Amino acid sequence: GRLLAAERRLARIDADEVLRPLVQVLVRAAEPDPRHGSRIPLSLRHVAEAAGLGLLEAHHALQELFERGVLHLVDDCLVAPDLARLGEPESGPAFD
């Protein structure tokens, strides 16, 4: 049980290290959108390069944000209904 808990903590740390720079890129590029909150007109390649990540890492990180419900795809554009929630880990305060 303790080993499993330790593995989960390490996985969360690794995920946070990938999510943090990606979220920072998304927040900086966000543009207000009265219908959807904020739109983020960036391609996967641009997000990955700006965050210093590989395409696969960026894809997995974006998928995590989609699964959390804090990022959506609308008309081929990334949309964040609430930018403050975008930077929140699954539980806990927002990133720095």
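Let me start with one residue, Ser38, which, leaving aside its neighbours within four places in sequence, is in contact with Ala30, Glu31, Asp33, Leu78, Val79, Ala80 and Leu83, contact meaning heavy atoms within 4.5 Å. Before going further I should say that this is a predicted model, in which local features need pLDDT of at least 70 and side-chain atom pairs count only at pLDDT 80 or more, whereas totals for chains, interfaces and linings use all residues. Residues are numbered from 1 along each chain as its sequence is written, and side-chain values use heavy atoms, with hydrogens and water left out.

Ser38 lies in strand E2, and at 8% relative accessibility Ser38 counts as buried; here buried means under 20% relative accessible area, exposed over 50%, and partly exposed in between, with a 1.4 Å probe and protein chains only. The bridge partner of Ser38 in E4 is Ala80, and Ala80 is also among the contacts I listed for Ser38.

Let me now place that strand in the whole. The protein comes to four helices and four strands, both being DSSP runs numbered from the N terminus, with helices (H or I) of at least four residues and strands (E) of at least two. Read from the N terminus on, the elements run α-β-β-α-α-β-β-α.

The strands form an open sheet of four, in the order E1-E2-E4-E3, with antiparallel pairing, where two strands count as paired if DSSP finds at least two bridges between them. E1 and strand E3 (72–74) stand at the edges, each with a single partner strand, so one side of each is left without a neighbour in the sheet. From one strand to the next the twist averages 45°, the axes being lines fitted to C-alpha atoms, for helices over the stretch in contact, and the angles running from 0 to 180 degrees between N-to-C directions.

Taking the pairs in order across the sheet, strand E1 (residues 31–33) is joined to strand E2 (residues 37–40) by three bridges, in the antiparallel sense, and the two form a hairpin with three residues between them. E2 then pairs with strand E4 (residues 77–80), again antiparallel and over three bridges. Three bridges also join E3 to E4, which run antiparallel, and in this pair Leu73 stands opposite Leu78 in E4.

Which side chains meet in a salt bridge across the hairpin pair, E1 and E2? They are Glu31 and Arg39, at 3.2 Å from N to O, a salt bridge being a side-chain nitrogen of Lys or Arg within 4 Å of a carboxyl oxygen of Asp or Glu. Glu31 also stands opposite Arg39 in the strand pairing. Both residues are partly exposed, Glu31 with a relative accessible area of 35% and Arg39 with one of 30%.

The structure holds two salt bridges, and the other joins the side chains of Glu64 and Arg68, at 2.8 Å from N to O. These two residues are four apart in helix H3 (residues 55–68), which means that about one helical turn separates them. Glu64, at 23% relative accessibility, counts as partly exposed.

I will finish with the overall figures. Buried residues make up 31% of the 96 residues in the protein. Of the contacts with a separation of 6 or more, 51% are between residues 24 or more positions apart. The protein exposes about 6,300 Å², with carbon and sulfur atoms supplying 53% of it; such areas come from the Shrake-Rupley method with a 1.4 Å probe, and for residues only the protein chains shown count as cover.
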